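Trainee: Could you take me through one part of this model up close, and then show me how the rest is put together around it? I'd like one connected answer I can follow with the structure open.

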Amino acid sequence: MRILVGDEILNLSYINLAKMYLGRGCEAKVYKYKDEALKIYRPHCIKLRLEEDSALELTRIDTERILLPRKLIYDCDTGAFIGYTTRFIYKTKIASIFDMEIGNLVSEVNLLRSEAVKLADSGVIITDFNINNTIFNNGIYLVDPGSYKSVNSNYSLGFRNFVRDRNVSTLNEYIEYDLFRALGLNGAQREMIGSLLGTTRTDFANLDLNLDTDTLKDPVKQYIKRL
């Protein structure tokens, strides 16, 4: 297989691909190359996936936690667009979140919320947030932008606020119903932590905790136990 990744031509044998292989979904197979994950589309897929123009638009947006395409991938023989790269993040156990300081968890949620709003302001509707698309490594990373929808960013203020609200709601639902369930929190715990992290809020401002310094440094598991 000969592919063009950004401006670099890669000539990959089956042995190369086997060594680089990370996994597969209905949309694509994923490989690791240097510090990037290569998402190469499978020939047949019934699910809508990013087209070339939308993927190119997303490469122009900088985010830290909601990972977006960085380079486009083309088939060298046909010139066809066949995928894109994202930043590669090593995966650790999701339960490691319990060891985070509660203040750091709030900072993570604030960062994710600000990026959800940034994408809305750039005309991007986020979707398909779930635990299978989550990587935790000293932060919470959402790694599959394949179902994001790009709309015209020159829309009215009213529609922009609608997209902002939709993106933030998508993030809030993911935190409360996917992330919290994966951590094994019961209903009462999800409600209390959700209240702390603002998962029921409809505004876009960052959280400002009125907790003392010692409490902010508590590990998440200790904070939950106290609740």
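**A close look at Arg65**

Mentor: Let's start with Arg65, which is buried: its relative accessible area is 11%, and anything under 20% counts as buried. Keep in mind as we go that this is a predicted model. As for where to look, Arg65 sits in the loop that runs between helix H2 (52–58) and strand S6 (71–75).

So who are its neighbours? Leaving aside residues up to four places away in sequence, Arg65 touches Glu108, Leu111, Leu112 and Glu115, and also Asn138, Gly139, Ile140, Tyr141 and Leu142.

From there, go to helix H3, which covers residues 102–121. One residue to hang on to is Leu112: Arg65 touches it, and Leu112 is also among the H3 residues that make the contact with H4. The axes of H3 and H4 come within 8 Å, crossing at roughly 145°, and the crossing is right-handed. On the H3 side, the contact is made by Val109, Leu112, Arg113, Ala116, Val117, Leu119, Ala120 and Asp121. Facing them from H4 are Arg160, Val163, Arg164, Asn167, Val168, Leu171, Asn172 and Ile175. Sorted by class, that contact of H3 with H4 has 10 nonpolar residues, two polar and four charged.

Now follow H4 (residues 157–182) along to H5 (residues 187–197). Their axes come within 10 Å and cross at roughly 130°, which makes H4 oblique to H5. Here too the crossing is right-handed. Ile175, Glu176, Phe180 and Arg181 in H4 meet Arg190, Ile193, Gly194 and Leu197 in H5. This contact divides into four nonpolar, one polar and three charged residues. Ile175 is worth clicking on, since it is listed in the H4 contact with H3 and again in the one with H5.

Finally, zoom out to the whole protein. There are seven helices and 11 strands. The radius of gyration is 19 Å, close to the 17 Å the globule rule gives for 227 residues, so the protein is as compact as a globular protein of that length. Along its principal axes, the C-alpha trace spans about 60 × 45 × 30 Å. Arg65 is buried, and buried residues make up 44% of the 227. Of the contacts with a separation of 6 or more, 63% are between residues 24 or more positions apart. Arg65 and Tyr141 are one pair in contact that you can find on screen.

How values were computed:
Residues are numbered from 1 along each chain as its sequence is written. This is a predicted model: local features need pLDDT of at least 70, side-chain atom pairs count only at pLDDT 80 or more; totals for chains, interfaces and linings use all residues. Side-chain values use heavy atoms; hydrogens and water are left out. Axes are lines fitted to C-alpha atoms, for helices over the stretch in contact, and angles run from 0 to 180 degrees between N-to-C directions. Helices (H or I, at least four residues) and strands (E, at least two) are DSSP runs, numbered from the N terminus. Angles under 35 degrees count as roughly parallel, over 145 as roughly antiparallel, 65 to 115 as roughly perpendicular and the rest as oblique. A crossing is left-handed if the near helix is turned anticlockwise from the far one by less than a right angle, and right-handed if clockwise. Contact means heavy atoms within 4.5 Å. Ala, Val, Leu, Ile, Met, Phe, Trp, Tyr, Cys and Pro count as nonpolar, Asp, Glu, Lys and Arg as charged, and the others, Gly among them, as polar. The radius of gyration is taken over C-alpha atoms; the globule rule is 2.2 Å times the number of residues to the power 0.38. Buried means under 20% relative accessible area, exposed over 50%, partly exposed in between (1.4 Å probe, protein chains only).
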